[in-house]
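User: I would like a close look at a single part of this model, together with whatever surrounds it. Please take the burial of one side chain as the starting point and then move on to the metal site and its surroundings.

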Amino acid sequence: MLRIGHGYDLHRLEPLAPDGAGRPFVLGGVSIAHDRGPVGHSDGDALLHAITDAILGALGEPDIGQLFPDNDPQWKGADSAVFLNEATRRMRARGFELVNLDATIICERPKIGPAKAGMRAHLARLLGCTETLVNLKGKTHEKVDAVGEGRAIEVHVVALLSSGTSANGR
Ligand code: MG
C-alpha cells in the first residue's frame, strides 16, 4: 500500500542573540553560518519539522504540534531529530518504509546549495535510508515578502511511504 503526505513549515529568521531572538541557523540537522537564525521553541529546524509532518501526515497520525506542543518546556531548544525519530518510529511500527521524499526550501539567505550534500547525508542517516530517496531543492523568494526579505524560511515536503518491504532503498 502506498500513502503520500505533505509537510509545511515556516520559521521567522531574526538576528542571532543577543541582538534578536534567532537561534543558531540549523537546517536538516546541519549548521550553516548566517547572521540570522530561526525563532522557535525547539531548535527551529524547519526542514526536519516539515519532513516529520509529511511522514506523520502520510500515516494519518497526529501532527508535530500535537505530539510535541510548543508550550511544553520538555521541547524547549530540543534537537528536532527527536521529532523526526518519533515519526520514523511510528512509520516502521505501522509497517511502512519511505519510498522517497522531495523537499523545497525557500529562503533568500543563506545559500542552501553548498550545504545540500551534507543535509542529504544527514537526513538519510536519520531516516535509515539511502541518500537517493532524499531530494532537496533550494529556491529564493525573489526578494518579495517576508521570505524574500530574509525574515523567514519556508519548507515544503512531500513524502511517499510504502507498506512493502522492497521499496526502502536499502
Ligand atoms: Mg517548525
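Is Cys107 buried or exposed? Please continue from there to the magnesium ion, the largest pocket and the loop that holds His34.

Analyst: In this predicted model, Cys107 counts as buried, because its relative accessibility is 3%, and the cut-off for burial is under 20%. Cys129 is also buried, with a relative accessible area of 13%. A search for disulfides across the whole structure returns zero, so neither of these cysteines is part of such a bond, a disulfide being a pair of cysteine sulfur atoms within 2.5 Å.

Turning to the metal, the magnesium ion is coordinated by Asp9 through OD, by His11 through NE2 and by His49 through ND1, at 2.1 to 2.2 Å. Along the sequence these donor residues follow the spacing D-x1-H-x37-H. Asp9 has a relative accessible area of 15% and is therefore classed as buried, the limit being under 20%, and His11, at 10% relative accessibility, counts as buried as well.

Two of the metal donors, His11 and His49, appear again at the largest pocket, where they are listed with Ser42, Phe68 and Asp70 as the residues that lie nearest its centre. The lining of this pocket comprises 16 residues, and the space within the pocket is about 290 Å³. At least two lining residues come from each of strand S1 (2–15), helix H1 (46–59) and helix H2 (64–67).

The loop between strand S3 (30–31) and strand S4 (36–38) contains Asp35, and His34 has its place in the loop between S3 and S4 too. His34 is buried, with a relative accessible area of 14%, whereas Asp35 is partly exposed at 48%. The side chains of His34 and Asp35 are joined by a polar contact of 3.5 Å, and a polar atom of the His34 side chain also lies 3.5 Å from the backbone oxygen of Arg109.

If neighbours within four places in sequence are left aside, His34 is in contact with Leu16, Phe25, Arg109 and Pro110, while Asp35 is in contact with Glu14, Pro15, Leu16 and Arg109. Leu16 and Arg109 are thus found in the contact lists of both loop residues. For Asp35 and Leu16, a separation of 19 residues in sequence corresponds to a C-alpha to C-alpha distance of 6.3 Å in space.

Terms used. Residues are numbered from 1 along each chain as its sequence is written. This is a predicted model: local features need pLDDT of at least 70, side-chain atom pairs count only at pLDDT 80 or more; totals for chains, interfaces and linings use all residues. Side-chain values use heavy atoms; hydrogens and water are left out. Helices (H or I, at least four residues) and strands (E, at least two) are DSSP runs, numbered from the N terminus. Buried means under 20% relative accessible area, exposed over 50%, partly exposed in between (1.4 Å probe, protein chains only). Contact means heavy atoms within 4.5 Å. Donors are N, O and S atoms within 2.8 Å of the metal (3.2 Å for Na, K and Ca); water is not among the atoms, so sites may look incomplete. On a 1 Å grid over the protein atoms alone, a cavity is a set of points where a 1.4 Å probe fits but cannot get out, and a pocket is an open set with protein on both sides within 12 Å along at least five of seven lines; lining residues have an atom within 4 Å of a point. Grid points are joined across faces, edges and corners, and a volume is the space filled by probe spheres set on the points. A polar contact is a pair of N or O atoms within 3.5 Å; within protein, one must be able to donate a hydrogen and the other to accept it, and residues adjacent in sequence count only if both atoms are side-chain atoms.
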